[in-house]
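Colleague: I'd like to learn how to read a structure like this one, feature by feature. Could you walk me through it?

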Amino acid sequence: MNFFMHYRKHILILVSIVLLVTAFFTYEKKSSFTFVDNALTFIVTPVQDGISKISSFFTNKINERKLNKENELETEDLVLKVKELESENEALSKKISLLSEENDELSSLLNIAKKYPDFETIGVRITAKDPGNWYDSFLINRGSNDGIYSNMPIIDSSGLVGMITEAGKTHSKAQSILDSHNSVSAVCLRTNDTGIISGDYTLFEKGLCRMSYISPTSSIVPGDEIFTSYLSDIYPAGISIGIVTEIGLEESGLSKTAVISPTANLKQMDSLLVITNYKKQTSETSTED
């Protein structure tokens, strides 16, 4: 105790010195750490912020491009789908149009068949014709496989068209009453006068044909309707052929001649009927396709 009391002043001074030294070193360490930390923070923080902003910029650009690419792909898919739908719609419209045409065709053929209930017929379609405004020679889409043979009559809803000249297996050749090689026994039911109707080169371009060998005493006049005669070996009797537009004498003066305007539409034809139950064929011809 006497020691502490005796050296009290010295001990206090020594403790004070130790405390000061400890405080100094403690302060230096803390000051040194704070300075470095602050320096690093001052340098690193802006760099980190810059890197963060650059990274965000490129990330946004990449995401934006990715989104735009996805949108472009979606747009392309939508465009393709629209085109597919338009194509399907166009095909459907064409199909509906074809079905409508087929329905009109069937209705037309049915009307023709109803007009001639005593005939067995086959519906046909014209596939080709000779050049010119009028139908003289043409092809149809049916032949012997369908029961069609040469010399069979052809009609439309208004009257006589012509006949089959050659029958292949799947198609046939035909000629109308405008063809100069075709001739039809005809009669005027009003007067019972008969004659022969055939094509005439001088009348063809007008879509007309000529009736010859009419009795010079005949009372046929323009406006009379001419029909197929019972004298024909090819055509059934009673089918309308045409209307008389002119009447006159042959140069010989031994008979009259008449200009006939066909009742069948020989300028615009598509669907026709071939009469198959009248088979008085004089020169059957068959060709291979």
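**Reading the strands and their surroundings**

Modeller: Gladly, and let's start with a single pair: Met 163 stands opposite Gln 175 in E5. Keep in mind throughout that this is a predicted model.

Colleague: What holds strands of a sheet together in general?

Modeller: Strands of a sheet pair through backbone hydrogen bonds, and the pairing can be parallel or antiparallel. Here, strand E4 (residues 160–167) runs antiparallel to E5, and five bridges join the two. Ile 164 has Ala 174 as its bridge partner in E5.

Colleague: How many residues make up the hairpin that joins E4 to E5?

Modeller: Four residues carry the chain from E4 to E5 in that hairpin.

Colleague: And what pairs with E5 besides E4?

Modeller: Strand E2 (residues 137–140) does, in the antiparallel sense, over four bridges. Within that pairing, Ser 137 finds its bridge partner in Gln 175 of E5. We met Gln 175 a moment ago, opposite Met 163.

Colleague: Is strand E5 largely enclosed or open, and why?

Modeller: Strand E5 (residues 172–176) is largely enclosed by the rest of the structure, because four of its five residues are buried.

Colleague: Where does E5 sit in the wider sheet?

Modeller: E5 belongs to a closed barrel of six strands, in the order E1-E2-E5-E4-E3-E12, and the pairing is antiparallel. From one strand to the next, the twist averages 45°.

Colleague: Which strands form the barrel that includes E7 and E8?

Modeller: That closed barrel has six strands with antiparallel pairing, and the order is E6-E7-E8-E11-E10-E9. On average, its neighbouring strands are turned by 40° against each other, with direction ignored. For one of its pairings, look at strand E7 (residues 193–199) and strand E8 (residues 209–214), which are antiparallel and share four bridges. Ile 196 is matched there with its bridge partner Ser 212 in E8.

Colleague: How should I think about side chains along a strand?

Modeller: In a regular strand, the side chains alternate between the two faces of the sheet. For a side chain with several partners here, take Thr 257, which is found in strand E11 (residues 256–262).

Colleague: Is Thr 257 buried or exposed?

Modeller: Thr 257 has a relative accessible area of 11%, so it counts as buried. Its side chain makes a polar contact of 3.4 Å with the side chain of Arg 210. A polar atom of the Thr 257 side chain also lies 3.2 Å from the backbone oxygen of Met 211. Leaving aside neighbours within four places in sequence, the contacts of Thr 257 include Ser 212, Ile 214, Glu 246 and Gly 248.

Colleague: Let's follow one of those. What is the setting of Gly 248?

Modeller: Gly 248 lies in strand E10 (residues 240–249), and at 25% relative accessibility it is partly exposed. Not counting residues up to four places away in sequence, Gly 248 touches Lys 256 and Thr 257. You can also locate Gly 248 relative to Ile 220: the two are 28 residues apart along the chain, and their C-alpha atoms are separated by 10.0 Å.

Colleague: What should I look for in backbone angles?

Modeller: Most residues other than glycine have a negative phi, so a positive value deserves a look. Asn 151 has a phi near 70°, and this residue lies in the loop between E2 and strand E3 (153–155). Asn 192 has a positive phi of about 65°, and its place is in the loop between strand E6 (183–188) and E7.

Colleague: Which of these are buried or exposed?

Modeller: Asn 151 is buried, with a relative accessible area of 5%, whereas Asn 192 counts as exposed at 56% relative accessibility.

Colleague: Finally, what is the mean pLDDT of the protein?

Modeller: The mean pLDDT is 78, and 68% of the residues reach 70 or more. Over residues 27–33 the pLDDT is below 50, and this stretch has zero contacts in the model beyond near neighbours in sequence. Residues 279–289 also have a pLDDT below 50, but that stretch has 27 contacts in the model beyond near neighbours in sequence.

How values were computed
Residues numbered from 1 in each chain as written. Predicted model: local features only at pLDDT ≥ 70, side-chain atom pairs only at ≥ 80, totals over all residues. Heavy atoms only, no water. Pairing = 2+ DSSP bridges. Axes fitted to C-alpha atoms, helices over the stretch in contact; angles between N-to-C directions. Buried < 20%, exposed > 50% of the residue type's maximum accessible area, 1.4 Å probe, protein only. pLDDT = per-residue confidence, 0-100. Contact = heavy atoms within 4.5 Å. Polar contact = N/O pair within 3.5 Å; in protein donor to acceptor, adjacent residues only side chain to side chain.
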